[in-house]
Amino acid sequence: MKLRVLSILTAFSLLLSACSALSSVIPSGTVTVRIVYGSEKQAWLDPLIKQFNDAHNKTADGKTIVVEGTALGSIESVNGIISGTLQPTVWSPASSIYIPVANAEWKKTHADDLVTGNPKDLVLSPVVIAMWRPMAQALGWPDKALGWADIANLATSADGWSAYGHPEWGQFKFGHTHPAYSNSGIVSIIAETYAGLGKQRGLTDADLQSPQVKDFMTQVESSIIHYGTSTGFFGDRMFQNGPSYLSAAVLYENLIVAQETKRLSGQSSQIPVVAIYPKEGTFWSNHPYVILNASWVTAEQKDAAGVFESFLLDKPQQLKALELGFRPADPAIPLAAPLDTQHGADPKQPQTILEIPSASVIEGIQNLWTQTKKPVDLIVVMDISGSMQGDKITTARSSLMKFVQKLDDRDRLRIDLFSSDINTLTPLTELGSKRQKVLDSVSGIFEQGNTRLYDATLQAYQDLQKDGDPKHIRAIVVLTDGQDTQSSSTLDDVVSAINAAQGEGGNSIKVFTIAFGGDADKDVLTQIATPSGGKEYDSSPENIQKIYDDIATFF
Amino acid sequence: MYTPRINWVLFVLFSLAAIGVFAAALISPPFREVAYAPARELIIPPPAPVIVSVLYSTEKEAWLNEVIIDFEKTNPTINGHPVKVELEKMGSWEINAAVLDGTRKPTIVSPASSLQIAALQDASASQFGKAIVNPADTATCHSVLMTPLVLIAWKERADVLWGQQPSAAVWRNIHDALVNPQGWASMNHPEWGYVKFGHTDPLKSNSGYMTILLMTYGYYNKTSNLSASDILSNSDYQKWFLETESSIGQFESSTGPLMDKMISYGPSTFDFVSVYEATALSQAANAVGRYGELRIYYPSAMLWSDHPFCILNADWVTPQQTSAAQLFIDYLTSKPAQQVALMKYGFRPVDTSIKLDQAGSPFDQYAANGFRTNLSAIPNVEIPAGNVLNTLKDFWSRKVSK
């Protein structure tokens with residue numbers, strides 16, 4: 001009997017020891033590294049994430065690393081991290097410039113910094129002014145060095161391109177991304193502040209009180225056609241829509257090189273675009289790889305994130321970045337094609353940089369911008385037909401209210417409700433004095449009757465052409481859940497009105513259409529939005545808020 | 001109870017096999033290794049290795065990682081036990097902090113200079129009741145590589161700023177160039193913006209600390225007798241010093257990454273930086289691939305990074321580890337390792353029989369950039385007493401640290 005017990009014990013110990021030995025060779029799961037990163041490096045990172053995941057890389061503890069990436073505006077993403085709506089392992093914004101501001105915000109509710117130490121750079125690219133080559137040449141490029149001040153002069157000149165012998169190009173149309181969402185937007189308004197003061201360093205809080213700066217920024221911002229959520233997406237719009245849409249925009253050098261690579265290989269039929277390196281100095285987009293010092297990041301995620309970081313900094317991946325127009329962070333890799341004049345870049349530039357201001361000065365510049373930004377004249381055209389009943393009308397109401405709260409006091413807003421009738425809930429006047437009243441009215445909207453989509457859209461378009469201020473961004477947001485059932489005008493009437501305004505290029509009225517639910521006619525809404533330079537969105541009660549958020553970045 | 005004989009035999013065989021597998025699993029945890037290990041290793045475990053853990057400063061990372069492979073090829077043993085070296089890199093001052101707060105218990109510390117060893121000697125005496133290092137004890141502390149702190153500029157800009165050589169008052173020149181509101185415009189180059197200088201964080205990195213020490217000596221135009229009151233009681237000095245430091249946007253934690261940034265960002269971001277001669281030599285070729293030639297300047301009075309390797313006299317270091325550590329240090333100071341340090345990484349060997357300007361050495365290749373083999377004409381500054389070193393560090397920490 002004793003022997004049996006012993007033999008069972010021995011067998012059990014054998015099993016245990018075998019298990020303990022095996023556990024060290026069989027991976028006991030995966031560890032996920034979530035990365036939110038600036039969209040301008042999506043073309044580089046996306047395939048590398050796939051390649052890394054396919055290789056089933058492991059941590060020191062033998063767990064398989066799975067990397068998940070999301071491209072998002074750099075400032076938008078960190079605001080999400082600070083508010084807790086985003087909880088990634090790694091934040092890789094377009095530059096380090098906003099890190100001190102992010103740390104200051106984070107420390108209002110946490111003991112430690114969100115970003116500690118000196119994060120490594122993944123790739124580099126200078127912030128440049130992207131301009132169509134014939135336009136740059138008209139300004140004297142490449143023999144004459146151009147700067148932020150030249151852009152400001154052009155932006156504020158009443159003659160536009162006529163002053164440079166090109167009346168056919170119309171007004172100077174300028175663009176940068178929204179500073180509340182995107183790194184290049186912040187960088188643009190800091191550079192404007194420096195140019196307004198004639199400084200290159202030493203910006204102080206007191207400087208921001210100078211009326212000279214406010215006037216200067218207001219003038220430059222007046223030439224903006226619209227803002228945008230992220231630099232990569234903004235570059236796409238410029239290169240898709242061409243010179244009639246935008247004359248110049250603040251982008252990163254790599255986006256210009258990538259566009260020129262496409263053009264030279266026949267994948268884009270646009271005219272050439274070049275990088276202008278502002279003579280007063282610029283900033284670097286240095287793509288820091290920040291493993292967050294946040295409670296939701298585990299030790300094993302930090303290790304795994306470190307493995308992915310080393311992979312990205314290895315020579316083959318750095319060479320891939322060069323192919324796509326980035327300057328590798330690895331100093332051993334020489335700057336070579338496509339970083340050359342043939343691709344719109346000059347690797348010997350920039351010659352100097354602007355000093356990165358303190359966190360408080362950056363926040364001060366953001367406040368100054370909200371006072372000087374180009375206001376929007378906006379008409380929201382909302383379907384309240386009977387089919388909107390239930391979830392649809394409830395979420396449409398609440399998301400519209402949140403959207404209204406995001407608009408600035410100086411923005412002018414009109415809201416039209418359409419069903420069998422078209423009624424104006426509030427006329428096109430400044431929002432500041434009527435905001436609460438508008439919110440109260442929106443909360444009382446209910447559904448009834450038919451769908452007069454074309455009549456309502458056409459009427460809003462014609463009224464905005466008549467009543468809108470051409471010095472403002474002018475836009476219409478159309479939300480509908482069904483097909484037109486009762487209009488006297490047709491789709492052709494609406495599209496003709498939009499096409500008739502094509503001469504205004506990027507300054508024309510933008511129409512954003514929201515197909516709300518499966519019954520909406522997406523084709524029709526695309527035909528309305530696309531020629532205006534706006535955008536068509538497919539939406540549902542689940543994501544309507546996100547769509548309104550995206551539209552808000554244009555203003 | 002009756003037990004058939006066959007059952008006995010089976011039981012004994014089974015038990016032996018089970019014990020064998022169990023023992024093997026204990027000796028060699030990864031099962032795969034057990035599966036492929038020769039049978040004798042299952043029965044006689046290999047002698048346990050003697051671990052030599054080394055906390056070292058980042059500047060010598062590439063060299064150490066290269067020569068350690070050659071060291072391992074010599075199959076070093078102590079009393080039949082194999083020697084295994086584990087390397088961990090850190091900033092020079094961070095090494096001291098990690099040892100003092102107990103988060104690391106290394107066998108060897110190797111910061112960038114004897115400055116940190118002197119500081120660790122004092123601090124460990126008060127922390128542990130005995131000094132765990134002694135820079136003067138040649139049995140436990142050895143300088144392994146030499147390289148001076150130098151100024152490295154982009155040649156195109158250096159030609160405009162200094163030409164062949166700055167004046168003897170180089171640190172005062174630097175201050176004046178940095179604070180000049182006209183910047184490069186005052187030298188007919190408005191396109192270069194303001195003048196930009198970089199050094200590392202003196203609280204973390206030795207080269208940053210050496211820079212502010214040389215700067216302070218430079219202000220007083222002397223090479224010895226620096227006192228705490230020179231730092232704390234002279235408001236003109238403080239104003240001058242803080243003006244220089246406030247022109248620097250960010251202080252890197254370590255010298256290698258600062259030099260990497262000098263090269264990867266180029267002259268737009270750094271006109272010149274203070275780093276080690278070896279760091280600069282190792283990047284001289286890379287610079288040409290990015291933005292152009294570098295130019296080196298030796299300050300009018302110098303400080304040396306001597307890369308001491310010190311075996312700790314601590315209760316966590318066994319006599320076996322001490323012997324193993326000595327074996328490792330002997331290899332590092334041997335001719336082959338020292339030759340690699342010179343030829344590939346630009347360090348000055350402690351073995352003076354190795355010629356610096358031998359054909360193909362970086363000193364030979366980059367002589368035209370201003371690198372010099374013979375620096376005997378340049379005086380070294382005196383290393384001040386521990387309290388003066390700490391005073392300067394504290395002053396920087398209070399007034400400059402971001």
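1. Two residues are in contact if their C-beta atoms, placed from the backbone, lie within 7 Å. Please keep in mind that this is a predicted model, where local features need pLDDT of at least 70, side-chain atom pairs count only at pLDDT 80 or more, and totals for chains, interfaces and linings use all residues. Residues are numbered from 1 along each chain as its sequence is written, and chains are lettered from A in the order in which they are written.

2. Let us start with helix α6 of chain B, residues 114–128. Its 15 residues should span 21 Å at 1.5 Å a residue (1.5 Å times one less than the number of residues), and the end C-alpha atoms are 20 Å apart, which agrees.

3. What covers the buried residues of α6(B)? The cover includes α5 (92–100), β5 (141–143), α9 (206–220), β11 (308–311) and α17 (386–399) of chain B. Among the buried residues (20 or more other C-beta atoms within 10 Å of the residue's own) are B:L115, B:I117, B:L120 and B:A123. Just after α6(B), B:G129 has a positive phi of about 85°.

4. Chain B as a whole has 17 helices and 12 strands (DSSP runs: H or I, at least four residues, for helices; E, at least two, for strands). Of its 402 residues, 46% count as buried. Its C-alpha atoms fill a box of roughly 110 × 50 × 40 Å along the principal axes.

5. Chain A, for its part, has 19 helices and 17 strands, and 50% of its 555 residues count as buried. Among its contacts with a separation of 6 or more, 77% join residues 24 or more positions apart.

Definitions and conventions: A residue is buried if 20 or more other C-beta atoms lie within 10 Å of its own, exposed if 12 or fewer, and partly exposed in between; C-beta atoms are placed from the backbone.
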